[in-house]
Amino acid sequence: MPFCGRGKAAAGRTCSFRTPSPYHIKMLSNAGIRTKHRLPLDLGLLPAGHGLGPDVILARMNRRTFLQQAAAGAATLALAKNSLDAAAADDPIQKEIEKRHEESIRRLQDWIHQPSIAAENRGVNEGCELTMQMLREAGFDAVSKVATDGQPGIFATLDAGRPRTIGMYFMYDVKQVDPTEWSSPPFAAAIVDKPGLGKAVVGRGAVNQKGPESSFLAALHAIRGAGRKLPVNLVLVAEGEEEIGSPHFPQIVRRPEVLAALGKCSGVYMPSAEQDLDGNVTMTLGAKGVIECEVVSSGERWGRGPRKDVHSSYKAMLDSPAWHLVEALGTLVSADGNTPAIEGFEKNLRPLSDDEKKMIAVAARRLDESIYKKQLSVTHWMHDAPFEQALQLLQSRPTVNLEGLVGGYTGPGGKTVLPHRAVAKLDLRLVPDMTANDALAALKAHLARKGFEDIEVNMTGGYDPNSTPGDAPLIRSQVTFYRSQGIDPIILPRSAGSWPGYVFTGDPLHLPAGHFGMGHGSGAHAPDEYYVVESSNPKIQGIDGAVRSHVDYLYELAKGA
C-alpha cells in the first residue's frame, strides 16, 4: 500500500510509493508501466487493492492541474490494476502466499490454542512438541528437542545448499493470563474486527511472538510451494522460558553442536511485527538486559513478627513482615518511585554517545507522539518531560519496576489477618555496560546495608544487555528492505524491552542480532493481545504482507549486503 510520510501529501512535496520488489517489477513491466515515472495523483485516488509497488513519484502540481488530470489518472490506474492482477500469477511465491492465506491464519490459531506458560508449567512440553512439528512441516530437515535444567529447547537446521546461513531465534512460551480480563477466551484465537485495523487474531501469544513466527514459517511454506529453494540455509534455536527470563537458554546455545552450527551464521534474527499504527517501522540496534526476582519478607527469616498468619488485632503488639517489606522496597527508588536508588547499581552504566543522542533526536521528530501515547494508553510522560527527553530516558536509563506485591489475604471482602510473609516481584532493566550478575549483587548488598539483610532475594531469570553495530549486514539488509517498501525506518540504539540476544552478540559467537518483520499487533503481556491478519488500514500489512516481508528479507540476506 502507498506510504508517504504519514500518508498525507503536503503541498509542494513529492511522495513515493513503495519501491518495487522483483516480483512487482515484473508485474509492472507486463502492465506496461515503467518504474520511476510520474503520475499526477493524490494518494487517496488509488483504487482499493491496486497492488502497485513501484517508486511512482507524485509530481508537484497546482490544484488546477491536479483536478484536470485526476479523473484520467484514476482511469489509467484502473486499467493498470487489471493488468497487474493478471501479472500476479507470474510470481509463483506471491501466488502461494495468497493461496495459503487461510492456512497461514489456521496455523497461528492452532499454535495459540496450545497454552505454553512456563511460569505455571502449563502445556510447555506440548507446546514444544507442536513447535517442532510445525518446523518439520515448514521444511527443517533436522529438528531435535534439547533438554535443559528447566523447560526444553529446540535445535533445528535447514540445509538449502546455499553459501550463506542465517540464524533464527524463536520462543514458544507465553505470558500468564487472567481470562476475566479478556473480551474472548485467551486461547480461543478468535478472529475479531478491530476498527481502523481490520481482522485480527486475538489470543495470548498472538503478537508476542507466535503471530510473527508463524508468518515466518508461512514464508518457508510459500517458497517451497512455489517449487523454489530457500535462498539461505537456516539454523534455528528456540526456548520455552523467554517469559521467565530465559534462565536456561545458554544451556541450549552452548551445546557444542549448536555453537558449531551458529558459528556458520552471518547473523541471527527474531520474527516480529515492527509496524506501528501509522505504518512506520522503528528498528533497534540492541536491547536492555533484565533481571527478574522475588523479594521476600517473612517472620521466620526476620525473627520478628508472626511465623504464621495471626489475627490482625495483634498488630498492636507485633511487628509486620509485610510492612517490613514495604519499608525495604522504599529504599530501592526515589520518593516518587522513578529513579533507582540502589547503591552501586549504575556504576558501570554507559552514557548515551553523541551518535545515539542524534538517533533519538531524529526519532522524536519523526515519531507521532500522540500515536505513541495511544499505544501505551497514557496522557503524560514521567515528570511531564517533552517527547525527546522521554525517549532519552527510555533509551538510557536502567529501571527498578515493581511488577506485583502479594501478602496475606487478597480475595473478595476483608479478612483481618496479620500476614507472616509478603513477596514483591521486581524486574530491573539494564543498559550497556551493566550486567545481570552485578545488578543482583548490588541489590543484595544494598538491602544488607540498609538493615534488611533478612530479606530474601531470589533471581528467577535474566541476562545482560545486547548491542549490534548499525553497519552489520543483518541491519543493512533490513534498511534496504524497508526502503524498498517506501518506508524510511527510524533507528534507535536499543529496545527498552529485553530478549536474550546476548547469547548471540556476546562470547563466544559475537554475531549481529535483531528483530524483523512487517505487520502490526499489540497487547503483549496484556489482555486482548492481537495480531492483524487482514488489514483494512492502508499503512500496515496483514499476515500476507508479513509473510512476503520474510520472503524478501531472506533473499536480501542472501546477497550479503
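Helices (H or I, at least four residues) and strands (E, at least two) are DSSP runs, numbered from the N terminus. This is a predicted model, in which local features need pLDDT of at least 70, side-chain atom pairs count only at pLDDT 80 or more, and totals for chains, interfaces and linings use all residues. Residues are numbered from 1 along each chain as its sequence is written, and side-chain values use heavy atoms, with hydrogens and water left out.

Q: How many helices and strands does the protein have?
A: Let's start with the overall make-up. By the DSSP runs described above, the protein has 17 helices and 22 strands.

Q: What percentage of the residues in the protein is buried?
A: Buried means under 20% relative accessible area, exposed over 50%, and partly exposed in between (1.4 Å probe, protein chains only). The protein has 561 residues, and the buried share of them is 53%.

Q: Among contacts between residues at least 6 apart in sequence, what percentage joins residues at least 24 apart?
A: A contact here means heavy atoms within 4.5 Å. Of the contacts between residues at least 6 apart, the share joining residues at least 24 apart is 78%.

Q: Which elements give two or more residues to the nonpolar patch?
A: Patches are made of residues with over 30% relative accessible area and no salt bridge (a side-chain nitrogen of Lys or Arg within 4 Å of a carboxyl oxygen of Asp or Glu); like charges are joined within 9 Å, and nonpolar side chains (Val, Leu, Ile, Met, Phe, Trp, Tyr) within 5 Å. Trp-323, Val-326, Leu-402 and Leu-405 form this surface patch, with about 410 Å² of accessible area together (Shrake-Rupley method, 1.4 Å probe, only the protein chains shown counting as cover for residues). The elements that give two or more residues are helix H10 (321–330) and strand S14 (399–407).

Q: Is Leu-405 of strand S14 buried or partly exposed?
A: Leu-405 sits in strand S14. Because its relative accessibility is 45%, Leu-405 counts as partly exposed.

Q: What is the distance between the end C-alpha atoms of helix H17?
A: The expected span of a helix is 1.5 Å times one less than its number of residues. For the 16 residues of H17 (residues 543–558) that gives 22 Å, and the model agrees, with its end C-alpha atoms 23 Å apart.

Q: How many of the 20 residues of H6 are buried?
A: Helix H6 (residues 206–225) spans only 25 Å between its end C-alpha atoms, where a straight helix of 20 residues would span 28 Å. Just after H6, Gly-227 takes a positive phi of about 75 degrees. H6 is largely enclosed by the rest of the structure, because its buried residues number 18.

Q: Which strands stand at the edges of the open sheet S6-S7-S22-S21?
A: Two strands pair if DSSP finds at least two bridges between them. The four strands of this open sheet pair antiparallel; S6 and strand S7 (residues 198–202), for instance, share five bridges. Each edge strand has a single partner, so one side of each is left without a neighbour in the sheet: these are S6 (190–194) and S21 (521–522).

Q: Which residue stands opposite Ala-142 in S4?
A: Strand S3 (residues 142–146) and strand S4 (residues 153–158) run antiparallel, joined by five bridges. A hairpin of six residues connects S3 to S4. Opposite Ala-142 stands Thr-157.

Q: Is Thr-282 buried or exposed?
A: Thr-282 lies in strand S10 (residues 282–284). Not counting residues up to four places away in sequence, Thr-282 touches Glu-274, Asp-276, Leu-367, Ile-490 and Leu-492. Since its relative accessibility is 18%, Thr-282 counts as buried.
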